[in-house]
Amino acid sequence: MSDMIDVGSGPAVVLIPGIQGRWEWMWPAVDALERRCRVISFSLAENRGSGRRVDPARGFDTYLDQIEEVMTHAGLADAAVCGVSFGGLVALHWAARRPERTRALVLVSTPSPNWKPAARVDWYLRAPRLLAPVFAAQSPFRLGPEIWRAHDSVGDRLAFSGRQVARVALSPFSPVGMAERVRLMSTVDFEADCRLVRAPTLVLTGEPGLDRVVSVDGTRSYTDRIAGAHHAILERTGHIGLVTRPDRFAEMVAPFVVRAAA
């Protein structure tokens, strides 16, 4: 399968990227997690290199087809699934529809199941290609405070930012694909999905004052909707803690995946 990675050894976890759809943007988390687990990841349909378009007949389930494909390619009957932001909704839908293939579910800074796009998002959806530079220009204002908090020195903050900008530049996202993902979110009843999840579930958030992308309270609400779900906070970060503090992210996720595998 094109644009898929399979690294590390031990209990398997399928890592699903956020709304931009590129696994490369999560590389620090992949690198930290593969020291403890087998990590499989891929880029979402509509991104260059994914080898797949969103099937109009399948809609949101196109992403489930991708998980099926990577797990088959990896020779896995089941695995833990860990979804980041929008990827958490994909992971949730997978766990609800494929319970026999889901060892564990990890939701990382995932929008609430009843999330609705704000006016700013609706404005972006009107012309995603044209407004992509505006979206990119706003990122430092959304993510800057958590990058500052996660690192102790100006040098560390600048070094992290430079590395992450390089990853983004080398693996550009599809503005049209991102807009399509937002539209597809409204086609799934995620509230109903929550009631169908049977796998052990970990809900992971950053600190409320630092996540300026999704509501921490909205993410935490999954603990009320999914039976037996537990919540944990990744300290000193917000929405992108898996890359700003990847070692701590792996320390929290890997033991949960190992216990589920056992």
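**Helix and sheet exercises**

The buried residues of helix 7 are Pro 175, Gly 177, Met 178, Ala 179, Arg 181, Val 182, Leu 184 and Met 185. You're looking at a predicted model: local features need pLDDT of at least 70, side-chain atom pairs count only at pLDDT 80 or more, and totals for chains, interfaces and linings use all residues. Residues are numbered from 1 along each chain as its sequence is written, and side-chain values use heavy atoms, leaving out hydrogens and water.

**Exercise 1.** Work out how many residues of helix 7 are buried.

*Solution.* Start with the cut-offs: buried is under 20% relative accessible area, exposed is over 50%, and partly exposed is in between (1.4 Å probe, protein chains only). Next, find helix 7 at residues 175-185. Now count: 8 of its 11 residues are buried, which leaves the helix mostly covered.

**Exercise 2.** Is Trp 148 buried or exposed, and why?

*Solution.* First locate Trp 148: it sits in helix 5, residues 128-150. Then check its relative accessibility, which is 51%, so Trp 148 counts as exposed.

**Exercise 3.** Find the edge strands of the open sheet.

*Solution.* Helices (H or I, at least four residues) and strands (E, at least two) are DSSP runs numbered from the N terminus; strands pair if DSSP finds at least two bridges between them. Write down the order of the 7 strands, 1-3-2-4-5-6-7, with mixed pairing. Strand 1 (4-7) and strand 7 (230-233) are at the edges with a single partner strand each, so one side of each has no neighbour in the sheet.

**Exercise 4.** How do strands 5 and 6 run, and how many bridges join them?

*Solution.* Pick out strand 5 (residues 102-108) and strand 6 (residues 201-205). They run parallel, joined by 4 bridges. For one pair, go to Val 108: its bridge partner in strand 6 is Leu 204.
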